[in-house]
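Visitor: I'd like a close look at one part of this model, please. Could you take me through how the helices and the sheet are put together, and then step back to the whole?

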Number of protein chains: 2
Amino acid sequence: MPITMYDLAGVENDRRFSPFCWRARMALAHKGLAVETVPWHFTEKDKLPSPNDGRVPVIVDGGTVVHDSSAIAEYLEKQYPDRPPLFGGEVGRGLTRFVQNWTETVLQVGLVRLVVLDIHRHIGPVDQAYFRQSREARFGGATLEEVVKDREARLPAFRASLDPLRRTVERQDFVAGTAPSYADYIVFGAFQWARAISDFELLAADDPVRAWRGRMLDLYGGLARKSPGYGA
Amino acid sequence: MPITMYDLAGVENDRRFSPFCWRARMALAHKGLAVETVPWHFTEKDKLPSPNDGRVPVIVDGGTVVHDSSAIAEYLEKQYPDRPPLFGGEVGRGLTRFVQNWTETVLQVGLVRLVVLDIHRHIGPVDQAYFRQSREARFGGATLEEVVKDREARLPAFRASLDPLRRTVERQDFVAGTAPSYADYIVFGAFQWARAISDFELLAADDPVRAWRGRMLDLYGGLARKSPGYGA
């Protein structure tokens, strides 16, 4: 029986744009596990299985419900030890957390200020009201339009903030070395989030990060590339 | 026969302040290898063993000369496979490069603009002339005094730039997880560089990064703490 995964969707059910859901989706593919995704929308809190914390990703594997992308990765690694490892041992697990913390304090923080209005454009009216209210509160009351209005001017600083990633994937194919591992999926989730909902080009044509993103889009038969989005 | 390591020193021979030499020194201790260090000064290019690229660290192990901290770590891992691993496998090695690239593009770049004048104060007159000329050229002609003059104002941004590290060592004892590995030594080398030559307090008293730095200073019988420096 395939694993079920609740996956954040736009007004079009096949547009999947949560960075955390993409982490889980790529981890499932890495493990070679069959999955059926269920499109889920911001305001459908009561449609999630129990225990329910109102957020995705959530997976249901047989009788087991696991939510939170980090918990899902740990679950898969423990439950399917004979399949390709996501972490590559204890040091790999520890260092993956550093990559996660960089992604969440630098990359995603920079990205959301570039594309948050584009998210709003891709969700339904009920979700839009929820999204605008909750996100504008996070931005100290600035409207979504105000948050992104100088994004062209902020693009050089955003690109500069990618230097640790850029220098890494310039010298090796993946963040984790010669093959992708969970750290790659964490970083890629952020780019796939942006790609799903925004045509704003984040990366210069000759940026090594763009070449790495291309390699990630190619994985698992083009799983991420086939998903609705913008650009290459 | 112990390994010989050429180690950057100040006007006092026991003040060792190269971040790259500290990576190698900690890696040797991690492997449990005996080492005799040779104090070396910026302008003593002709005192290094051959092949000589004019920089430290350089180690001599029997008849083998290895220079560059990354090459030294790889050499030790390959030559002493039965001793505690520095990388913890291929994923660990790949992700260590991400930590290294963060250290070199964010941490060390931020640090040098806080403490570069303090380095100058701790080296001899001949080295001072070399250091001032070469470093001021790197800063686009700004004097060392100009580079650091607004450092108090830049301290909050520097501290904020440590967020990925802070969040990591807040949740686990070391960058690499429950035990230190080479990634920890890379990051620590930067802090030990600053500690050796500057009394400028980089970290707030309650910063989890400071607690981690304390754990690093305690390793291997207090190896790094016993080396001349400022602060705890």
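Guide: Let's begin with helix 1 of chain B, residues 19-30, which lies across strand 1, strand 2 and strand 3 (58-61) of that chain. Against strand 1 of chain B, helix 1 runs at about 150 degrees. Please keep in mind that this is a predicted model.

Helix 2 of chain B, residues 69-79, also lies across three strands: strand 1, strand 3 and strand 4 of chain B. Its direction is at about 135 degrees to strand 4 of chain B. Strand 1 and strand 3 of chain B thus appear in the description of helix 1 and again in that of helix 2.

Now for the sheet itself. In chain B, 4 strands form an open sheet in the order 2-1-3-4, and the pairing is mixed. The edges are held by strand 2 (35-40) and strand 4 (64-67) of chain B; each has a single partner strand, so one side of each is left without a neighbour in the sheet. From one strand to the next, the twist averages 20 degrees.

If you follow strand 1 of chain B, residues 3-8, you will find it parallel to strand 2 of chain B, with 6 bridges joining the two. A handy place to look is B:Met5, which stands opposite B:Thr37 in strand 2 of chain B.

Helix 1 of chain B covers residues 19-30, and a cysteine, B:Cys21, sits at a number within that stretch. B:Cys21 is buried, with a relative accessible area of 0%. In the other chain, A:Cys21 is buried too, at 1%; for both, the cut-off for buried is under 20% relative accessible area. Over all chains, the structure holds 0 disulfides.

Let's step back to the pair of chains. A turn of 180 degrees, with a shift of 0.0 Å along the axis, lays chain A on chain B with an RMSD of 0.0 Å. The two copies are therefore related as by a two-fold rotation axis. To find that axis from chain A, go to A:Gly92, the residue of chain A that comes closest to it, at 2.3 Å for the C-alpha. As for the interface, 100% of the interface residues of chain A are also interface residues in chain B, so the copies meet through the same surface.

Finally, a word on the predictor's own scores. Chain A averages a pLDDT of 97, and 100% of its residues score at least 70. The complex is given an ipTM of 0.97 and a pTM of 0.97.

Definitions and conventions: Residues are numbered from 1 along each chain as its sequence is written. Chains are lettered from A and ligands numbered from 1 in the order in which they are written. This is a predicted model: local features need pLDDT of at least 70, side-chain atom pairs count only at pLDDT 80 or more; totals for chains, interfaces and linings use all residues. Side-chain values use heavy atoms; hydrogens and water are left out. Copies are superposed by least squares on the C-alpha atoms of residues with pLDDT of at least 70 in both. Contact means heavy atoms within 4.5 Å. Two strands pair if DSSP finds at least two bridges between them. Axes are lines fitted to C-alpha atoms, for helices over the stretch in contact, and angles run from 0 to 180 degrees between N-to-C directions. A disulfide is a pair of cysteine sulfur atoms within 2.5 Å. Buried means under 20% relative accessible area, exposed over 50%, partly exposed in between (1.4 Å probe, protein chains only). pLDDT is the predictor's confidence in each residue, from 0 to 100.
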